[in-house]
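Please open the structure in the viewer and keep the sequence panel visible. The tour proceeds from the whole chain to a helix pair and then to the pockets.

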Amino acid sequence: MRVPLSVRLRSTLFFIGQLILTPPYALLAWLIFPLPPRWRYAIISTWSRRMMAWVRIACGVKYEVQGMEHLPTRPCIVLGKHQSAWETLAFQVLLPPPVWVLNRGLLWVPFFGWGLATLSPIAIY
């Protein structure tokens, strides 16, 4: 299947924006590490909000959420099907502050993983 040139260009534009925005946020995450976890989450989650806005601008991705009223008000487990990386950003933007359960190897990804580590996830092998 051939990918249209416009899709490749928009994807490249998004990737460049992500490369520019992610390292400063990772460094910010390390600087604010002494703050309480909720504060760290509030500051670092702005990266996800900016990435969601950037994917809308650069790639034209729009979304509509249905069924949020069915989420319980008490703590619960939300699972993603991992059909794309988009859901990871969306969960952080749309849901209350989560505790991430993730593969430990993600914490070693330069910049992204380092920032992720400051959010106190549950890392498993």
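Begin with a contact map of the protein chain in this predicted model: of the contacts with a separation of 6 or more, 56% are accounted for by residues 24 or more positions apart. Next, display the C-alpha trace, which spans about 45 × 35 × 25 Å along its principal axes. Colouring by burial will mark 26% of the 125 residues in the protein chain as buried.

Switch to a cartoon representation. Four helices and two strands appear in the protein chain, and their order from the N terminus is α-α-α-β-α-β.

**The α1 and α2 pair**

Select α1 (5–31) and α2 (37–59). How do their axes cross? The axes of α1 and α2 come within 10 Å, with a crossing angle of roughly 170 degrees. An angle over 145 degrees counts as roughly antiparallel, and α1 and α2 are therefore roughly antiparallel to each other. Now show side chains at their contact. On the α1 side, select residues including Arg 10, Leu 13, Phe 14, Gly 17, Leu 21, Tyr 25 and Leu 28. On the α2 side, the contact residues include Ile 43, Ile 44, Trp 47, Arg 50, Met 51, Trp 54 and Ile 57. Coloured by class, the contact of α1 with α2 has 15 nonpolar, five polar and two charged residues.

**The largest pocket**

Turn next to the largest pocket, which holds about 1500 Å³ of space. Centre the view on Thr 88, Leu 89, Phe 91, Gln 92 and Trp 100; among the 49 lining residues, these lie nearest the centre of the pocket. Then highlight α1, α2, α3 (86–94), β1 (101–103) and α4 (112–117), each of which supplies at least two residues of this lining. Which element gives the largest share? That element is α1, with eight residues of the lining. A class colouring of the lining of the largest pocket gives 37 nonpolar, ten polar and two charged residues.

**The second largest pocket**

Finally, move to the second largest pocket, where the space amounts to about 170 Å³. To display its lining, select Pro 37, Arg 38, Arg 40 and Tyr 41, then Pro 97, Pro 98 and Val 99, and lastly Thr 118, Leu 119 and Ser 120. By class, the lining of the second largest pocket comprises six nonpolar, two polar and two charged residues.

How values were computed: Residues are numbered from 1 along each chain as its sequence is written. This is a predicted model: local features need pLDDT of at least 70, side-chain atom pairs count only at pLDDT 80 or more; totals for chains, interfaces and linings use all residues. Side-chain values use heavy atoms; hydrogens and water are left out. On a 1 Å grid over the protein atoms alone, a cavity is a set of points where a 1.4 Å probe fits but cannot get out, and a pocket is an open set with protein on both sides within 12 Å along at least five of seven lines; lining residues have an atom within 4 Å of a point. Grid points are joined across faces, edges and corners, and a volume is the space filled by probe spheres set on the points. Ala, Val, Leu, Ile, Met, Phe, Trp, Tyr, Cys and Pro count as nonpolar, Asp, Glu, Lys and Arg as charged, and the others, Gly among them, as polar. Axes are lines fitted to C-alpha atoms, for helices over the stretch in contact, and angles run from 0 to 180 degrees between N-to-C directions. Angles under 35 degrees count as roughly parallel, over 145 as roughly antiparallel, 65 to 115 as roughly perpendicular and the rest as oblique. Contact means heavy atoms within 4.5 Å. Buried means under 20% relative accessible area, exposed over 50%, partly exposed in between (1.4 Å probe, protein chains only).
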